[in-house]
Amino acid sequence: GWFLVRITLPRTIMSRQLHARRVEGFDKNIWVEFTQLISDYKVVNLGQGFPDFGPPSFMQEAYCNAICGGASMHQYTRAFGYPRLVKIIAKFFGRIMGREIDPMEEVLITVGAYHALFCTFQALVDEGDEVIIVEPFFDCYEPMVMMAGGTPVYIPLKPKEVTGSALSSADWLLCPEEVASKFNPRTKAIVINTPNNPLGKVFQRDELQMIADLCIKHDVLCISDEVYEWLTYDGEHHIKIASLPGMWERTVTIGSAGKSFCATGWKVGWAMCSGHILKHLKTFHQNSVYHCPTAPQEAVAVGFQREYDVFGTEESYFRQLPAQLHAKRLKLAKSLRSVGLQPILPQGGYFMTTDISSLKVELNDPDTKDEPYDYRFVKWLIKEKGLAAIPVSGFYSPEHRADFQNYIRFCFVKVILLMDIQNESEQYRENYTCAFPHGLPDQDPPKHIARTALFLTKVA
Amino acid sequence: MIITQLIHRCRSACCVLEIHPLRKLFSTKSSMTSVKQKNAKRIEGLEKNVWVAFTSVASDSSIVNLGQGYPDIPPPSYVTEGLAQAVMVDRLNQYTRGFGHPSLVKALSKVYGKVYGRLIDPFKEILVTVGAYGSLMSSMQALVEEGDEVVIIEPFYDCYVPMVRMAGAKPVLIPLRTKSSKKTNFSSADWVLDQDELASKFNSKTKAIIINTPNNPIGKVFTRSELQVIADLCIKHDVLCFSDEVYEWLIYRGHEHVKIATLPGMWDRTITIGSAGKTFSVTGWKLGWSIGPEHLVKHLQTVMQNTLYACATPLQEAVARGLLHDFELMEQPDCYFSSLAVELQGKRDRLACILQQAGMSPVVPEGGYFMIVDVTALNQDLSHMEEDKPYDYKFVEWMIKEKKLAAIPVTAFCGDESRKQFEKYIRLCFIKQDSTLDAAATILKNWSKA
């Protein structure tokens, strides 16, 4: 008879499941998807949120000085934050909040605000915990909560009925009863973002108080992402929820040097909270990246010292920046209206969200057939009109996404919006192009820059 | 007063019924000790860290610090100049590609393509992370979970165990042992793995093994045949290999760094980790990388995009320029990758000599920038110190206080069961200026004087 001889060959490729379950379902990412697309087409990039200009020269100088500042600038520093930086941050925000903040116990420096969020969720959220997220939300909150084993619970901001005047982010509100209904014994934390990305809403004191009351009543933590805190317009004031009574001891406040100083590539951020919570973030931090780079922390410290000294005066960059962006914001809104779109004027932040429902466009691309309408619209905009934006349904939960397919987001922290395109495009061409992943400017800036920018001022 | 006492008592009892004075009217549950504010289980028991205990020493200039592993020699000037140049370019101050700045991943692909002798896809087979530390973390988070076991060789760089535990998995330890019956002239090559013992650590739950070559703290450079033994087990049991090779360029005369990923059958199951900080003597830049096959690296990239998103742009651009600079010089004496090793060999030999003269027994490393030294022969009486700490912790504390010389206790790098094996060893770092080593020499020369 025949014998079946089994030959066991050495397995060079693993046969079992390789990845941990915690990364399941998180491989897609809106930025990775759209920056890829943007780099394939020559576009005016109002999509991803970063300035198309550099940080103020005093920051670049501070970094260069740090680089020449001796051997210790290039070696490990204190793991939880370079001493000079944590001290000035504690002093700076202590003055704003009217409290003594302990730089060593209550401030943690992280690799961007992104990393501060990650440390917070990993340190404090467990399997079985619920985390309330206000929609629309910066997209990373959801995967971060889930990777920590938590369950996201969503509460949408909803536009109230507005007649006549232009839409504003102030018209988007939470329903207090609905918010209250989301709290239960499993609720560990609520995440708020003010000024909000993508809407630009600046939460008012009474809105924050409503949230604070619920946090206190249900003994819940508050994670407050305040990266755009300096960017408020039309006399709006940014309010720190941690400054409300009873909130310091239960709030993690997150900030960003990248957003504060238009240096998103520096990746220096921080988490600020009471020591009994921060110690847990520190434990996670020391077992994940441990240290943050030294020299940029020195540079940010210099920047904050300067801002501390000139705070509230004309010289303050934190005052000049929103003043600069004010005009860009209005210009973008006007351009969008002129082509039949309905922008929501943001009270704060980098971004403007626009209702696209009034613009009827034939979207014939078979590749995007099954995608939400705003994704399809943005892809058409990129491919056919050379203009990049970001679809807002990506900032909504799976259950609410379908209701918000008519909005797209533009970033207006762009000099191109104020340029006299014909005369200045040469300089723009030299200094800038749009994103990447596969090339920083070794590709030519868009030749049709004038044409695509003019799209904004022409009827479609 | 009463409220403060109540708060104090409740804090220790973890009581949730405490009344906060300001919010009496709203809730009986608001408190700083509430159950809800407890940490996540994944970080439980991971608060302590040997570095936090010993790095405060670094700021005391009266102490000669051969403890924490960072250079006090300056980095190459073209590297720091590259950073200054990058910062002055506006667009290089903004976000770059999440998985690694294009010019950096391309430079890494070039350098390592040559080292590995294979084409490495810069976009799919490389991930840039916040230091090698970040690569270790990304690898664990991406590929290791509850129910898994991870084999770790002792002594190990101390973060491996907490990272494995944070991923929910179980660390399985196996010590390097001295096989030699030598009485003097110890080398890191004398420390080996017992093959049968190693094989016994592998089972169906084993997900990965972590190796570190050159090893921190011993400085062992694993030979090709030693790596083959590990590779055979990985293939037999279908296990991943995380190879921490941050000291890959610091190899001393007569030895060769072998990448386990180049052994047959290993590329597809290995993540190899490198470090800009160790390569260019810029530990404060915190840039590292993971290199491996796409089907593994893509999961690390998923972790990256959901945790940090991207590393800093100017630093990445500067490392790219540094790598390209040295790529052109590879195999020449001017290349920093080899010139640093030559410089350190002299320091290594000098330190070994002065330690011997002081009556200690150094283990001369084949690679890396650490040396462990056996202090048994000194017979230092430490009975007046705290009972329950290992001998090396007590010795280092005593040495810092009495001799003004700092080192790191080697039991920080091993599990409890191996404590007895390592507690007579301390670790010294020799990537230090000559003046630092001179100061150490003076202390060691005067050691036996009261």
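Author: Two strands are said to pair if DSSP finds at least two bridges between them, and that rule is applied here to a predicted model.

Reader: What makes S9(B) and strand S10 (residues 270-275) of chain B a pair?

Author: Four bridges join S9(B) and S10(B) in the parallel sense, and because the rule asks for at least two, the two strands count as paired; within S10(B), B:Thr272 is the bridge partner of B:Ser243.

Reader: What joins S9(B) to strand S8 (residues 206-212) of chain B?

Author: Five bridges do, and these strands run parallel, with B:Leu240 of S9(B) serving as the bridge partner of B:Ala208. Together with helix H8 (residues 224-237) of chain B, S8(B) and S9(B) make a right-handed β-α-β unit.

Reader: Why is strand S9 (residues 240-244) of chain B called largely enclosed?

Author: Buried means under 20% relative accessible area, and five of the five residues of S9(B) are buried, so the strand is largely enclosed by the rest of the structure. B:Leu240, B:Phe242 and B:Asp244 point one way, whereas B:Cys241 and B:Ser243 point the other way, and all are buried.

Reader: How do you know that the span of helix H13 (residues 391-403) of chain B agrees with what is expected?

Author: At 1.5 Å a residue, its 13 residues should span 18 Å, and the end C-alpha atoms are 17 Å apart, which agrees.

Reader: What makes H13(B) mostly covered?

Author: In H13(B), 10 of its 13 residues are buried, including B:Trp398 and B:Met399, and the buried residues pack against several elements of chain B, among them helix H2 (50-54) and helix H15 (434-445).

Definitions and conventions: Residues are numbered from 1 along each chain as its sequence is written. Chains are lettered from A and ligands numbered from 1 in the order in which they are written. This is a predicted model: local features need pLDDT of at least 70, side-chain atom pairs count only at pLDDT 80 or more; totals for chains, interfaces and linings use all residues. Side-chain values use heavy atoms; hydrogens and water are left out. Buried means under 20% relative accessible area, exposed over 50%, partly exposed in between (1.4 Å probe, protein chains only). A crossover is right-handed if, with the strands pointing away from the viewer, the path from the first strand over the helix to the second runs clockwise. The expected span of a helix is 1.5 Å times one less than its number of residues. Contact means heavy atoms within 4.5 Å.
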